[in-house]
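Reader: I should be grateful for a close examination of one part of this model, namely a charged residue and its surroundings. Please then place that residue in the context of charge pairing elsewhere in the chain.

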Amino acid sequence: MKYSGLGLLTQQAIRQAIWEVLNRHQSKGQPDIALIGSRRSGSTLLMQVIAHHKGMKSVDQPFAPPTATSAQMKALGHPPGGMFIAPSEEDHEKLKAYIRAMQAGDLHVQEPWRFWRKDFHFRSDRLVLKTTDASYLAEVLAEMGLTNVLYFRHPIPQSLSCARNKWGDKLALFARHEPFVHRVLNTQQRNLLTSLIYDGAELDRYVLGWCLENMPLFAAHAAGTPTVFYEDLVKDPDTVLQKLAQVCDIHVSDAMRAMVGRASVSVRNLSDPAATAAIQSGDTDALIGRWRQHVTDADLARVQGILDLFEGCVYRADTVTPLRVSAQTV
């Protein structure tokens with residue numbers, strides 16, 4: 001259903017009223033959870049599963065200005081290009097105040113509003129934040145006491161999915177951010193960004209965007225930050241769910257089990273028909289490896305050349321499953 005500008009404002013006002021009137025949030029001291037990764041990597045499903053735990057309130061994309069409410073933007077601020085890449089000290093303090101307000105229940109941000117569903121809690125005491133644009137905020141989130149859980153999906157199918165949905169590769173965003181380009185990237189990475197942004201194959205541009213989005217998480221994964229791989233979630237969901245429950249200190253319920261293996265909202269809306277059919281039929285091999293049919297050996301060689309420039313990258317271009325770097329893989 002399409003909404004006019006007035007309809008969208010009305011819808012936003014209704015949701016804001018539901019959040020503020022029907023939900024009362026008060027922490028009992030258990031750590032909140034931050035799911036940190038990039039787009040099309042299973043993040044929505046992870047959030048939905050964890051949010052079924054009693055008292056666990058989900059917060060969807062709290063650091064994404066494009067989907068933010070007006071009340072949210074007053075507290076969040078406007079990062080250059082719409083993404084916090086190299087936040088200043090002033091930005092850090094504002095972000096911490098923003099997170100603190102959510103934790104205290106004073107600020108309601110992108111919460112469930114369908115109060116008749118199982119992931120809506122009239123009283124909540126913990127938060128699970130799902131982000132696809134906060135890789136460079138992992139340290140801030142940890143500083144605020146959240147338990148960080150990383151999630152990854154192989155860069156090629158993730159890139160193909162983003163391109164199919166006509167989402168940007170984000171290279172221009174990174175290139176315009178001078179502190180990032182000159183302080184974070186090395187010479188080879190900087191040269192690659194400059195060359196691909198103007199004259200690169202679509203797959204290469206999106207893969208480089210995946211690397212730039214995820215590069216701060218590679219070291220975090222190697223250092224032992226709990227990590228969920230999309231491929232593991234598809235192939236062995238029960239094991240992933242049990243380990244995730246341990247990391248997050250939650251109990252696995254029948255509702256949570258029912259969520260795993262079911263298409264999430266984002267899958268139903270954004271995946272191609274073949275992917276949706278594979279989910280419905282339980283064809284896990286097709287789900288994690290079907291992308292190999294859409295790339296050539298030359299594509300794989302170029303992609304591997306890009307991945308090689310990023311130390312600690314958790315995938316190889318020519319293998320479907322991730323590299324096992326950390327003992328804390330969920």
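Author: The following account begins with R126 and proceeds to the salt bridges.

The model is a predicted one. R126 is located in strand β5, which spans residues 126-131. The residue is buried, yet it takes part in no salt bridge. The nearest side chain of opposite charge belongs to D249 and is 5.2 Å away; since a salt bridge requires a side-chain nitrogen within 4 Å of a carboxyl oxygen, that separation does not qualify. D249 is nevertheless reached in another manner, for the side chain of R126 comes to 3.3 Å from the backbone oxygen of D249.

With neighbours within four places in sequence left aside, the contacts of R126 include H25, Q30, P31, D32 and I33. Among the others are G55, M56 and K57, as well as C248, D249 and I250.

Within the loop between β1 (24-25) and β2 (33-37) lies G29, which is exposed, with a relative accessible area of 65%. The C-alpha atoms of G29 and L203 are 44 Å apart in space, and these two residues are separated by 174 positions in sequence.

Side chains of opposite charge can pair when their charged atoms come close. The count for this model comes to 12 salt bridges. One of them joins D125 to K28, with the closest N and O atoms 3.8 Å apart. D125 lies in the loop between β4 (123-124) and β5, and K28 in the loop between β1 and β2, so the pair ties together parts that are 97 residues apart in sequence. D125 counts as buried, at 15% relative accessibility, whereas K28 counts as exposed, at 71%.

A further salt bridge is formed by D204 and R302, at 2.8 Å from N to O. This pair also links distant parts of the chain, with D204 in helix α10 and R302 in helix α17 (residues 297-307), 98 residues apart. D204 is buried at 6% relative accessibility, while R302 is partly exposed, with a relative accessible area of 32%.

D204 has a place in helix packing as well: together with R205, L208, L212 and M215 of α10, it meets Q189, L192, L193 and L196 of α9. The axes of α9 (residues 187-199) and α10 (residues 202-222) are 10 Å apart and at an angle of about 140°, and their crossing is left-handed.

In contrast to these long-range pairs, R257 and D254 both lie in helix α13 (residues 254-259), 3 residues apart, about one turn of the helix. Their closest N and O atoms are 3.2 Å apart, forming a salt bridge. Finally, R39, K170 and E213 are linked in a network of salt bridges.

Methods
Residues are numbered from 1 along each chain as its sequence is written. This is a predicted model: local features need pLDDT of at least 70, side-chain atom pairs count only at pLDDT 80 or more; totals for chains, interfaces and linings use all residues. Side-chain values use heavy atoms; hydrogens and water are left out. Helices (H or I, at least four residues) and strands (E, at least two) are DSSP runs, numbered from the N terminus. Buried means under 20% relative accessible area, exposed over 50%, partly exposed in between (1.4 Å probe, protein chains only). Lys and Arg count as positive and Asp and Glu as negative; His and the chain ends are not counted. A polar contact is a pair of N or O atoms within 3.5 Å; within protein, one must be able to donate a hydrogen and the other to accept it, and residues adjacent in sequence count only if both atoms are side-chain atoms. Contact means heavy atoms within 4.5 Å. Axes are lines fitted to C-alpha atoms, for helices over the stretch in contact, and angles run from 0 to 180 degrees between N-to-C directions. A crossing is left-handed if the near helix is turned anticlockwise from the far one by less than a right angle, and right-handed if clockwise.
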